[in-house]
Amino acid sequence: MQTLLSLLHHAVTAGVVQPKPVCDALLATDKFHYTSEEYWCQSLCLIQKIVAGIDYKGVRDLLKAIFDKALSIPPTVNISMMRQLNTISGVLEHIFDRNAALLPSYLIFDDVQKRLASKTNWPHWKFAKLVSDFVDSFQPCAQMVTIVGRSKLRPVVGHSGTCCTVWKLDPNTAKFTMKGQLPYSAEVQQPQTELLRYVLEQPYSREMVCSMLGLSKQQKQRCPVLEQELVALVVRAMEKSEQEGPEEPIELFWQNLSSQLIYFVLFQYANFPHMVLALHDQLVGKNLRKGRDHLMWVLLQFISGSITKNPLNDFLPVMKLYDLLYPEKEPLPFPDVTKPHCTRALAITSIWVHLTRKAQLEKVRLQRPLPHALATHLEYLQQPFVSNTTLSFGNDYWISLLCNAYSTNQEYFMRPMGILAEAIQCSQRNQGSMSSSNSNTPNPTHPLGMNVLDSLTVHTKMSLIHNVVTHVMKIPQAKSTVSLTPALIETYSRLLVYSEIESLGIKGFINHLLPTVFRQQAWGILHTLLEMFSYRLHHIQPHYRVQLLSHLHSLAAVPQTNQTQLHLCVESTALKLITGLGSAEVQPQLSRFQTEPKTLLSSESEELNKALILTLARAIHITGSETLSMVWCKELLTTAMQSTPHSWSSLTLLSFPHSLSEFFQQHQAQRENKAQLKRSVEEEYRKWKTMSNENDIIAHFSQQGTPHLFLCLLWKMLLENDRISPLAYKILDRIGARALSSHLRTFADFLVFEVSNSVGGQHVNKCIDALNDLIWKYHVISLDRLILCLALRSFEGNEIQVCFFIIQMLLIRPSEFKNRVLDFVKDNSPEHWKQTDWHEKHLAFNRKYPEKFYFEGLQDLSGQSQQHTYLPVYFGNICLRFIPVMDIVIHRFLELYPVATISVESILDHLGCLYKFHDRPLTYLYNTLHYYEQKLKDRPPLKKKLVAAITGSLKDIRSGNWALSEAYLNYLQRPTEDTSWIPDLDYYIGLVGRMADTVAGRSPFPHTDWRFNEFPNPAAHALHVTCIELMALPISAAVVGNALLDVVLKGHTVLLRSSIENWMNAIGLILTALPEPYWAVLNDRILAALQGPHLATSSGSKQSIFQLLSFSSNHSSITEVQCCYLMALVHAVWYHASVGQISQIPHIMRDRFKPVVKTEEQLLFLCHLVAPFFQRMGSERSRIVMDITMELYEMLENVDKNCEQLNYIDQITDLLYHIKYMFTGDSIKTEIERSIRNLRPALQRRLRFITHLNIEETAAS
């Protein structure tokens, strides 16, 4: 046998036979068993001698076979088999030997891990240590690719980045999906239930939950993890209810929980009977009673809405909860029906009513009689129907109670529902017409209060909204003169707040109601619905808003909408939709229309298309997407230029992201020759004066295709004669609202040209007075449209200053607009959901300042009678319409600096109070400070003024601590020019601590109803106000950025050690939400750490770099060093970074870090920073992974040349193989081969499998 094997060995070494078939043959025979001592030992000895001649894939196959044989040896085999055990152990040791490098150690590790995954098949004790040591040798690699404190990091729901891949969890286990089989720490392998629960607790988090768990509405799949967390949240709510404290926060918690539960059970991600039984099991023995009514209210919401479509047995488990939570033997007392809690107290009885009704319909008997405790409740509920008492809508909750209990019993339900409907609809007796000027309307004006709507179950609300929508659609069908009552419209807008009724609510509004009203040509109702959308709706999902925008553009092209009032309403609504798009919403929403961009653009309104481009510029800047490809919006920009050819002023282009600026420099439309324009106006004016036949004049000046100069002529008439010919009325009427927009643009150009060339202040004043007469005396032009048009024209040089001088004169000098603003702000509140008398105030304002849309000043002159029917106005006025225009004007003013210093301050002084009615005042302020950071950085007084004006406008309706810190409020109290404040570290600790507390659920801000707030949750509010304050500090961005980093890097000594990750999370959120100069200082800190004593010199110390950078173990033993803290902080910042921000890493690596990397420690520190993000980059932008990997190889080359001895050669190669097998594959093989060829032999030998390098060739060369 020995001779035969030695012959085989000789044949292999002589090249007669290949080693792989020999090894396969030896292992395949039945004799190869550990009990056949001689054959086993001799065969394995031969394999060990010839294995080096086999390629790495062959060695891998061989290893699998040998390892399987090793695992088949029972652990009971003892010392009598020691020779066999030693032999196989020797072969394994030889293959495992990293210096021999027969195949990548990473592949050996992968195979070993797969075979040991079951945990039942552990190897024999003789080579268990060999295997476990080998597995442990990959712990450094696992450490390098793990994000520090990942399980403690939390998103801000609704803020950019929250839908990116870092938050994704396995839908079956709620664990992070980690690449490869590495020995990751227990922390990142645990189910992330706390993270999921945190997100579920946030209002408006449904989309994020579905994104995290990969749930899709199309696939109805049960998600046990989600079910489990919903149950845990209910238990938490029950526990919170036991604690003494203010009622409001717990009420909001239950409200959100109810909404989440309905949604997830409705879409079958959670199973209702399972949840109820699981809840019962968790509540047993806990003695939680105070929240029981709230719990039953949540269950009633679902039961009443779904019991008709599902079997009775699905709902019976609720009675188990009843038995547990309602142990009373005596009847429960009937609650006080004037208190809102009575609806909760009667929820369990209402559930019983629904169950008994369902049993009747299914013709089955409930297995139990009426619980004795509910007898009194039921008796009271039945009384109005038994005794047939008259029901009326009053100040109590009787009607709500009856609706909730009987919503599945139409016989009983119609009466209380009819009373609710009658309270907001005009009865047949009162069919008054409702216009803004009709104050004697008998129609109901008081809507149902939010307290009433909150007291109705979802099922009742669905019935009510259905009733409202049906009523609205019937009016035009019946050709009725009945108008919509203010109470009905306001109530409808309040019902649309409830996300639980989305399908009948906002979805029905966009997809069904609006198209129907449009088809029926019910222009008054359409006008009302658009007004409602503009001024009343909150938190509408972006896809609905973009869909409506698309509807509006097609609506604007229909001939019937060429009516001044409706046209103005359509354009104002579109402008609000465009400017209201969140920065994180723009790219996902607009890219849906990549192939059909025309639907997003107006075919004729240059202003709307420019507003969309400005929104796009802002979004690209704020999300840090300037580094990304602009292919997705190229088509949109090209189509905008085709639809409405236009140009941009050079000052605006300076503020644009580079890619947009470049596009418009190449695609500017030709500017009109102003001298030619003046000659054309003079020529037309001469014709006006010389033509005598009235019909000829009307025909000439209103015909289509002629130059749009008529407004220029009217203005010249006023300048020369102080009056306008009555004929103008007929011409304007014939031109129509749509064409008049083109006249307005030409007029804006002509006006600025004329004023620019005026001599003397007297003439300028006359020009402005004539302009004011056109607006306020003759009602030819609307102020908001003129200002918008002027602000968006592309003037240069002196003309741009003249344009803004005119704007300032129009807004500040005449009293007409200022008076309206002051009166409106003084008499009204933006908190419309708390009001019942909005309509009375609205009518009073309109009586005092009636809006004229049809050139009434000219009509009076011409003696014409009123030919136009006014559409009813419920919400809007010139003040509210002007707010989005003012947003644009202020941005244009900011771009002027330092070319002109026309004062933004004076606009804010006179009109800043309007921000009280802004939909998103803080978001606007945040966007302004962020987008214009470069323009504002040297103007602290202006930043201070912006913050003071916008936050100050809300002082009457917000408590003192609602947004800014006390220190910043004190700074605002100083004179405007006093900006000498340099905050200390304690100030930043206070700000970051406030953010960390808010994310942790301990918000220091006043409680608010998030359904009507500009932000969806406390953390989003905290993040924006914190960033606003930091950007508005009178110090440089670098100083602020460094101070934020120092909160942890220096302040960690005073922070609570157990919550350090929460602080880092807060800093990560804040820094990534600030402009680049704030977070760019992080790169300086990394560079300083690379050049610091721990990393710049190859350490001869006993502590390895992996111990030095193990944050969790060092933090728990209080031995962490600065670079360890910095690494954890970098992870927190990059974790929250947008894909645009994170795509800058390769450039920073190449330009700043690579030149200084000379030691292994420096290289490994950088690996610790970037490697944890490869998984995210790989799914979001794989090119970044390849670029960074190439930089790592080039850095390894530098290290190899600079270090005599390498101490971490295996750890470095393990990581590089992990990157190859998990992320890059062979895609950069050619690029990195050059680097590998330049490395020392030991590294080449280990890395040769990455590029299939032939070492002999390299050595020869």
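## Close-up views of charged and aromatic side-chain contacts

**View A. A lysine placed over a tyrosine ring.** K944 lies over the face of Y971, at 4.4 Å from the ring centre. The model shown here and in the views that follow is predicted.

**View B. A buried salt bridge whose arginine also meets a tryptophan.** E490 and R536 form a salt bridge in which the closest N and O atoms are 2.5 Å apart. Because E490 belongs to helix 24 (residues 486-495) and R536 to helix 26 (residues 523-536), the pair ties together parts that are 46 residues apart in sequence. Both E490 and R536 are buried, and the charged end of R536 also sits over the ring of W838, 4.7 Å from the centre of that ring.

**View C. A salt bridge between helix 30 and helix 38****.** R745 pairs with E607 in a salt bridge whose closest N and O atoms are 2.9 Å apart. The contact links distant parts of the chain, with R745 in helix 38 (residues 737-756) and E607 in helix 30 (residues 606-622), 138 residues apart; R745 and E607 are both buried.

**View D. A salt bridge between partly exposed residues****.** The closest N and O atoms of the salt bridge between E38 and R83 are 3.0 Å apart. E38, in helix 3 (residues 37-50), and R83, in helix 5 (residues 82-96), are 45 residues apart, and their pairing links distant parts of the chain. E38 has a relative accessible area of 40% and is therefore partly exposed, as is R83 with a relative accessible area of 35%. A search of the whole structure finds 68 salt bridges.

**View E. An edge-to-face pair of buried rings****.** The ring centres of W981 and Y987 are 5.2 Å apart and the ring planes stand at 75°, so the pair is edge-to-face. W981 is buried, with a relative accessible area of 12%, and Y987 likewise counts as buried, at 9% relative accessibility. In the whole structure, a search finds 56 aromatic pairs.

**View F. A stacked tyrosine pair within helix 66****.** Y1217 and Y1221 form a stacked aromatic pair, with 6.1 Å from centre to centre and 15° between the planes. The two tyrosines, Y1217 and Y1221, both lie in helix 66 (residues 1209-1224), 4 residues apart, which is about one turn of the helix. Y1217 is buried, with a relative accessible area of 3%, whereas Y1221, at 28% relative accessibility, counts as partly exposed. Ring pairs join Y1217 and Y1221 with F96, Y106, F109, F134 and F138 in a cluster.

Technical notes: Residues numbered from 1 in each chain as written. Predicted model: local features only at pLDDT ≥ 70, side-chain atom pairs only at ≥ 80, totals over all residues. Heavy atoms only, no water. Salt bridge = Lys/Arg side-chain N within 4 Å of Asp/Glu carboxyl O. Buried < 20%, exposed > 50% of the residue type's maximum accessible area, 1.4 Å probe, protein only. Phe/Tyr/Trp six-rings, centres within 6.5 Å; stacked < 30°, edge-to-face > 60°. Lys NZ or Arg CZ within 6 Å of the ring centre and 35° of its normal.
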